[in-house]
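I opened this notebook to keep a record of what I looked up, beginning with one whole chain and then turning to single residues.

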Amino acid sequence: MSKKESESGSAKSAGECTAGDTKDDKGLGLGVIFFIVAFVICFLSGTLLFPKLLYSKKEQPFNFDHRLHVEQTGDCESCHALREDGSFNGIPKLAKCQECHSETPLGETKDEAVFAEMYVAKEKEVPWYVYSKQPDCVFFSHAAHTKTKGMDCVTCHGPIGTSTTLKPYEENRITGYSRDIWGQNIWGIKKHSWDRMKMDDCAECHKKETGHQGYCFQCHK
Amino acid sequence: MDSALIPEGANRCSFPKFAIGIAIVGAVVLWGVYAMGLIWWKGLNQTNMNDYYGFALWIWADLAVIAVGGGAFFTGLLKYIFKVDGLKNIINFAVIIGFICYSSALLILAIDIGQPLRGWFIFWHANVHSMLTEVAFCLSCYFAVLTIEFIPNILENRQANKVSFFHHLAHNMHGVMPVFAATGAFLSFFHQGSLGGVAGVMYGRPFAVREGLLIWPWTFFLFTWSAAAFGPCFTLLVTKITETVTGKKLVKDNVVHLLAKISGWMIVTYIIAKIIDTLYWATVTAPSLGFNISHFYSNNGFYGYWLLVTEIIICGVVPGLILIMKSTRENPTLRLVAMILGVIGVCLNRWVMVLQIMAIPVLSFDTWALYFPSWQEIATTVLPIAYGIILIALAYRYLPVFPQEKELNAVKLATETE
Amino acid sequence: MNKENIKAHKFGMVIDLDKCTGCGSCMVSCMSENNVPFKEDESNKKDSITWMRVYKLTNGKSFPETEIVYLPRPCQHCGGKGDHGHSPCVSVCPATATDYGYDTGIVSQIYTRCFGCRYCMGACPYHARYFNWWDPKWPEGMEKYLSPDVSPRMRGVVEKCSFCYHRYQAAKDKAYYDGRDDIEENEYQTACTTACPAGAIVFGDLNNPAHRVHEIVKPDPHPAPNNHYVVGKSRNPNIFRLLERLGTNPKVYYLSEREWVRKAGDNYLDGEWDKIKNHHGPESHG
Amino acid sequence: MKVDRRSFLGLGLGAVAGFSVSPVLLKLTDDSSIWTQNWPWTPVPVDGEVSYQNSVCSLCPGSCGISIRKIDDRPVKIEGLDEYPINDGGACLHGISGLQYLYDPARIKTPLKKNGDKFEEISWDDAISMVAGKLMDIRATGSPEKLACIADKDRGSVSGLLKRLVTTFGSPNFYTMPSFESYLELTATPLHGRGTTIGFDLENSDFVLSFGAGVIEGWGSPVNCFKANASRKERGAKLYQIEPRLSNTAANADRWLPINPGTEADLALGLCAVILKNNLFAGTAKFKGGFNKFSATLQNDYPLSKTSEITGIKESDIEEMATLFAKAKMPVAVFGKGRGDGSQSLKELIAVHTLNCLVGSINRKGGAFIQPVKNYLEFPAESLDGIAREGIAKPRLGRYVHDLVEKVNASSQPVVEALFVYQSNPCYALHDTKTIKQALGKIPFIVSFSSFLDETAKEADIILPVHTFIERLEDIPSGSGLAKTVVGLSKPVIKPVFNTKHPGDIFILIAKALDNAVAQNFEWVSYDKCLEAVAGRIWKSLAKDGHVILAEDVPEGSPEIDVTYLSGNPASVQSNGDGDLILIPIDNMRLPSAAMTASPFAIKTVSDEVLKGRDTVVEINPKTAKGLKNFDYVTLTTPVGSAKVMIHLNEGMMPGVVGMVKGLGHTFDNKYVSNKGVNINDLIGPVIEPGSGLDAAFGIKAKISRA
């Protein structure tokens with residue numbers, strides 16, 4: 001019993017000395033400093049370091065010069081075309097490349113050499129990473145947008161046609177999404193229509209163009 | 001050993017004794033947590049639910065705890081808005097019980113959904129037509145309110161209160177409490193109601209569907225009313241249990257009588273409304289959809305008319321009458337009986353409005369679906385009870401929950417110190 | 001509003017129960033078309049995902065008067081009370097994971113939006129909605145036959161018949177490519193319809209008088225006089241819908257010359273059926 | 001200044017605040033939910049270009065045309081082929097499930113050799129030389145007839161090659177499993193002469209009198225029958241169904257007449273008697289073999305009262321049926337209980353078909369077509385050496401597989417040294433499986449040509465795994481009672497998934513590995529070349545159109561009808577045992593019961609009134625149940641065996657009869673389709689019909705007792 005009392009006594013005194021006099025203003029001040037330091041560190045790491053950790057960088061199998069090919073063919077459609085059933089062929093298969101490259105031989109540049117040896121020779125399709133790859137739950141009709149509504153590729157895909165190199169593919173370690181879906185800006189802020197490719201971006205445009213963001217099944221499967 | 005934390009002048013059992021008690025209940029909590037882990041890890045196949053029983057034990061538990069937790073908002077409403085001042089001696093406890101009930105409800109919901117990590121979609125992609133959306137919003141808001149209402153009581157802890165900041169905070173919070181009480185009452189009105197709406201709007205389920213007012217089916221109002229009616233019953237019941245366990249009188253009889261009386265009148269008015277609703281549904285609504293009431297209560301192993309009788313007469317009319325009549329109300333035994341019946345009644349009502357709906361075949365060529373929960377479901381449903389006991393124990397031991405405790409037990413204390 | 005909304009379709013189905021043999025082709029065609037998974041034990045039918053389920057009905061008479069009929073039940077794609085698009089399930093989904101396509105009349109289900117509260121399953125009187133209690137698993141190598149047109153579902157979400165919406169999408173893509181602004185009747189047919197060896201299922205646009213389904217069903221565009229919730233009742237006395245008087249307004253119609261079968265389609269008070277069976281459709285005080 | 005509690009408080013709060021205003025929380029919340037939408041263990045189907053390829057399904061004798069949807073090289077869906085002469089776009093659930101067989105990990109992935117009770121993988125070369133070696137030894141002993149072979153059918157080029165192998169090797173012992181096709185020929189032969197078979201023109205008939213034929217339960221060419229049945233409504237045609245149980249066909253029919261099990265023959269003859277008595281028969285028909293005697297015997301043996309007493313059908317109904325049938329414009333009577341591939345009594349088959357003969361429905365639109373068995377293949381003449389000639393001159397062990405089994409079990413020393421089993425599963429599909437397994441156990445060397453490790457393959461010493469129908473080229477002749485004869489071409493739509501071979505190629509390889517006497521008969525480089533050669537006449541159009549129609553019109557002329565077989569009125573088959581109930585098999589469209597086993601999809605569609613958990617559910621009439629309730633466990637005992645099953649009370653079941661579904665109770669290693677329920681063939685034993693020698697068991701006496 002006496003033990004209890006002494007304990008409670010000590011506790012009481014401790015309590016009293018913390019009952020707001022000069023000494024613990026310092027304590028408080030120190031607390032404030034600690035607060036600010038921690039705040040800044042965490043905020044910065046959350047904004048600058050976090051994206052580095054979140055995304056893994058993957059190099060494409062070899063470089064591809066879009067501008068050169070667009071100059072040669074004149075447009076995107078000659079490689080990224082609609083099939084006769086209205087579906088979109090996405091990234092052309094080896095056969096498509098060889099349509100032209102049967103006569104114009106490969107092997108001048110380092111990348112062409114890789115292409116020729118690793119893939120054409122082995123009749124192996126090139127495992128490209130697709131920057132605009134959407135998840136399995138998404139249905140997207142290129143025909144509806146490009147053919148019927150006459151949209152251009154740039155609106156969603158950006159000026160990739162003028163690029164001469166392929167940037168590394170950044171994959172979100174948690175979701176497996178390409179970084180281009182969320183956008184380069186970690187806050188998800190976009191300047192151009194092609195900076196983000198999330199559902200809200202589709203809905204935004206649909207609302208503007210059709211007056212309605214669309215029904216679930218229009219874009220989901 | 002923890003006496004520094006115990007409210008001054010209050011007499012509590014020794015710490016080891018307390019610790020052992022907590023440990024025992026804690027074991028139950030661990031069991032529940034284990035089951036919860038299983039469910040989150042392996043998925044809902046750990047339950048005995050199926051495509052006929054999408055809603056089962058958990059949703060019932062949810063509705064039940066929220067119903068009995070209704071004591072908090074209603075007592076708060078009476079105390080702070082209608083200035084029924086006598087209730088200040090029980091309001092703290094009412095709030096704690098409410099806090100326990102609502103935190104439990106949220107926990108259960110988090111287990112019940114198939115994709116917990118997407119749970120926030122209910123807010124982000126909210127569908128305003130869905131009663132469940134209304135539930136989710138009001139539920140979480142009201143839980144916040146309850147937390148705020150609980151905080152001052154926590155800050156009144158002997159040690160916390162020594163910090164001047166906390167001391168003043170607690171004091172000022174008490175001052176603005178009416179605002180929160182009002183908000184709480186408002187929110188509760190809606191989520192208690194929309195929980196009723198959940199069943200009432202299912203127009204594909206003739207047993208559940210009800211006509212109503214604007215977008216709100218009658219069940220909306222019945223649920224709110226019943227929560228307000230039976231909630232206080234539960235508050236009083238738990239108080240009674242706490243008194244029995246601690247062997248102390250904690251709340252003065254006049255307070256108890258007052259709340260019991262109010263509860264009584266609420267129950268009576270509710271049960272009248274409920275009877276009218278049932279009659280109309282049984283004679284007009286259901287038949288218009290091709291169903292005799294007998295269809296809902298026969299040809300199966302469990303759901304019979306006995307449910308109707310038990311819920312409305314035995315656990316509705318009876319407690320109502322006991323509590324409105326002075327003589328019976330002030331008889332402790334009868335009052336206890338009434339409170340127990342009342343709590344059973346409201347829980348039974350929620351059971352019927354969740355599980356019986358699922359059990360009844362609607363297609364003429366379909367069959368009754370009966371269900372018994374898996375141990376994982378039971379464990380996770382017992383979990384909140386255990387957790388509640390612990391929280392009450394802690395609160396009672398370390399917080400000045402019952403303002404009248406000292407006064408009521410003064411003599412006892414005096415004799416002890418001698 | 002986009003094109004479809006201007007001239008809205010209303011896709012629906014009529015199933016001839018006198019032709020249905022209960023062979024199960026529709027069920028399997030649906031499973032294989034829509035990547036429906038399977039478990040070791042599927043004999044608990046209350047935990048067995050079959051978007052198209054074939055019920056066995058009997059007239060309850062004893063040997064040898066007893067009769068059997070099979071009733072295939074896809075999602076009924078209810079139009080809801082008054083056919084306003086507030087289907088029993090759609091109106092209750094808290095996260096808008098299912099919606100009513102006013103351009104097609106098809107009730108959607110978005111697996112990646114659904115968080116598995118199962119309220120829609122409770123609200124659906126047809127048990128057309130199924131929950132993924134288990135992780136879908138295919139025996140090693142069998143995932144190779146999965147179709148890319150329908151995304152496999154993950155554990156913990158609800159799924160149901162979509163009237164093979166992806167086939168509608170494909171048909172539209174083809175139309176876009178050909179520069180047509182709409183699709184032909186035969187371009188969009190559900191997997192169960194094309195599979196049915198007895199030709200018992202007819203699928204098409206209930207809004208299009210040229211479509212067979214419309215010719216057979218002859219839907220009445222006006223609300224039923226005795227129950228204003230009910231819209232699109234068939235003018236053919238041998239055609240009924242399941243639980244029509246609830247006002248769910250399904251887009252799946254059933255045809256049978258057998259009276260007891262038509263009676264089994266809905267619930268009636270004692271003697272009620274005999275009063276109404278002659279003139280067409282059930283009375284209701286709704 | 002000292003760092004106290006509050007400093008740490010500050011630190012903590014700062015950290016929390018810092019992170020919460022940074023994008024971390026926002027992004028992680030979003031990403032965590034997206035993670036649940038793309039769980040790595042949920043497969044993502046690969047997208048690609050859609051294409052369709054036509055082929056023919058050979059899972060059952062139906063021979064339907066199929067269209068296979070592919071994504072790039074990957075088949076993803078099988079559907080019925082529009083405008084195909086047999087199924088015109090329709091498909092049955094088994095055909096649609098075809099891809100589950102193709103990709104099934106339970107397939108035999110490479111040649112196997114039995115070692116003790118285990119199988120070990122071996123190379124194709126070793127496997128072939130092992131088989132060849134063994135065969136050479138047998139041939140060396142000078143008794144090549146000790147090589148026996150069980151195949152599913154004896155039509156088409158693959159069976160042709162196999163038979164050629166066995167013959168040129170020198171053995172007459174080539175057997176086929178009972179099939180509806182075989183019963184059609186067995187029926188036609190005594191009545192219309194050798195080499196004839198029967199086709200039923202259901203889609204034009206206006207009155208179908210079915211003696212238990214499961215017209216919509218897999219009988220004949222299933223999808224074709226579904227269509228014929230579906231069009232009944234429009235055509236105003238009638239279907240009368242005669243069987244003890246309200247099957248789906250009975251339920252769909254215009255009239256169901258429950259009949260005592262096993263008395264169908266008597267009813268048919270009773271009907272004949274009525275038709276003869278009332279002079280309702282067509283004068284045109286050319287009868288021989290003593291028509292008057294036959295007529296007299298019938299009218300004497302089958303007076304209405306007696307027929308009614310035997311069959312349990314009212315006299316008035318019998319008379320009405322006979323009259324309706326005789327007076328209909330295009331009536332046809334069809335036989336073959338259930339799917340028609342189970343055990344049958346020749347007396348019954350002939351009796352039923354005699355009805356067609358009497359009313360002149362032979363070679364008439366909507367009737368029964370008597371046509372020669374079409375042989376569209378031209379194999380070069382076999383050249384046999386001395387050993388072979390001697391061998392094939394020796395008598396066969398019997399006419400049917402069950403004779404072979406009986407001989408093997410009977411004799412002490414091996415009468416069969418080696419057995420080939422191709423695309424058939426006798427250890428599962430024949431009555432009294434115990435004795436079948438026992439017999440195979442006594443055969444020193446068994447080679448199985450199978451895609452799956454089924455009950456029979458498990459008994460084999462060498463398993464040579466064959467392509468599934470989706471991986472192989474093959475001519476698929478229609479049969480099984482179709483009015484028209486179509487040869488379809490099954491094509492490989494995907495490269496072999498496992499290390500399997502085309503059965504035709506395997507036979508050629510084996511032959512080439514044998515001595516020249518045999519090898520010289522197999523000079524093709526591959527099966528594909530062989531088919532092209534032997535299908536010479538029709539190959540071009542077969543390759544071009546994917547099918548060739550050999551006959552579809554009503555055959556010319558009216559063949560003679562020999563009534564000798566029935567004149568003596570052979571005894572009807574009785575069921576064995578002393579139980580108070582009769583157990584009869586039920587054919588269920590969703591459960592295959594022959595060589596093909598059910599796919600996971602098919603099993604999934606099976607009702608819980610048929611299969612519940614791991615238990616077979618048998619059907620009995622509530623009157624028979626004696627207080628038993630639905631899904632009570634009972635022990636079902638027959639003279640052959642007993643099993644624990646559940647019961648389902650079915651008013652559509654004749655009292656005193658127990659119905660058990662066929663196709664359950666497989667015992668091989670595939671958790672989705674095996675070890676579910678009971679194989680009814682473990683409970684029913686063969687009953688040999690005098691005269692025909694067929695196993696004609698229609699059921700067996702049984703008892704049930706609460707388990």
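The entries below go from the overall form of one chain to backbone details and then to two side chains.

**Entry 1: chain D as a whole.** I note at the outset that I am working with a predicted model. I looked up the secondary structure of chain D, which comes to 26 helices and 28 strands. For its dimensions I took the C-alpha trace, which spans about 130 × 70 × 55 Å along the principal axes. I then asked how the radius of gyration of chain D stands against that of a compact globule. For 707 residues such a globule would come near 27 Å, and the 29 Å of chain D agrees with this.

**Entry 2: burial, contacts and charge in chain D.** I find that 63% of the 707 residues of chain D count as buried. The accessible surface of the chain comes to about 24,700 Å², and 55% of that area belongs to carbon and sulfur atoms. When I restricted the contacts in chain D to pairs at least 6 apart in sequence, 73% of them joined residues at least 24 apart. I also looked at the charges of chain D, where the mean position of the 75 positive ones and that of the 79 negative ones lie 3 Å apart.

**Entry 3: a cis peptide bond in chain C.** Going along the backbone of chain C, I noted that the peptide bond from C:Phe63 to C:Pro64 is cis, with omega near -5°. I placed C:Pro64 in the loop between strand S2 (53–58) and strand S3 (68–73) of that chain.

**Entry 4: positive phi outside glycine.** Which loop holds B:Lys83? I located B:Lys83 between helix H3 (70–81) and helix H4 (88–112) of chain B, and its phi is near 55°, a positive value in a residue other than glycine. B:Lys83 counts as exposed because its relative accessibility is 57%, and the cut-off for that class is over 50%.

I made a similar entry for D:Asp72, which is not a glycine either and has a positive phi of about 50°. D:Asp72 sits in the loop between strand S2 (65–71) and strand S3 (74–80) of chain D. With a relative accessible area of 30%, D:Asp72 is partly exposed.

**Entry 5: D:Arg245.** Is D:Arg245 buried or exposed? I found D:Arg245 to be buried, since its relative accessible area is 11% and the limit is under 20%. This arginine lies in the loop between strand S10 (238–242) and helix H10 (248–252) of chain D. I then asked which side chain makes a polar contact with that of D:Arg245. The partner is D:Glu619, at 2.6 Å. Setting aside residues up to four places away in sequence, I listed what D:Arg245 touches, including D:Trp256, D:Ile586, D:Asn650 and D:Met653.

**Entry 6: B:Gln376.** I looked up B:Gln376 in helix H14 (residues 375–398) of chain B, and at 8% relative accessibility it counts as buried. Its side chain is joined to the side chain of B:Gln46 by a polar contact of 2.9 Å, and a polar contact of 3.3 Å links it with the side chain of B:Trp375. Leaving out neighbours within four places in sequence, I recorded B:Ala35, B:Leu38, B:Ile39 and B:Gln46 as the residues in contact with B:Gln376.

Conventions
Residues are numbered from 1 along each chain as its sequence is written. Chains are lettered from A and ligands numbered from 1 in the order in which they are written. This is a predicted model: local features need pLDDT of at least 70, side-chain atom pairs count only at pLDDT 80 or more; totals for chains, interfaces and linings use all residues. Side-chain values use heavy atoms; hydrogens and water are left out. Helices (H or I, at least four residues) and strands (E, at least two) are DSSP runs, numbered from the N terminus. The radius of gyration is taken over C-alpha atoms; the globule rule is 2.2 Å times the number of residues to the power 0.38. Buried means under 20% relative accessible area, exposed over 50%, partly exposed in between (1.4 Å probe, protein chains only). Contact means heavy atoms within 4.5 Å. Accessible areas come from the Shrake-Rupley method with a 1.4 Å probe; for residues, only the protein chains shown count as cover. Lys and Arg count as positive and Asp and Glu as negative; His and the chain ends are not counted. The place of a charge is taken as NZ of Lys, CZ of Arg, CG of Asp or CD of Glu. A polar contact is a pair of N or O atoms within 3.5 Å; within protein, one must be able to donate a hydrogen and the other to accept it, and residues adjacent in sequence count only if both atoms are side-chain atoms.
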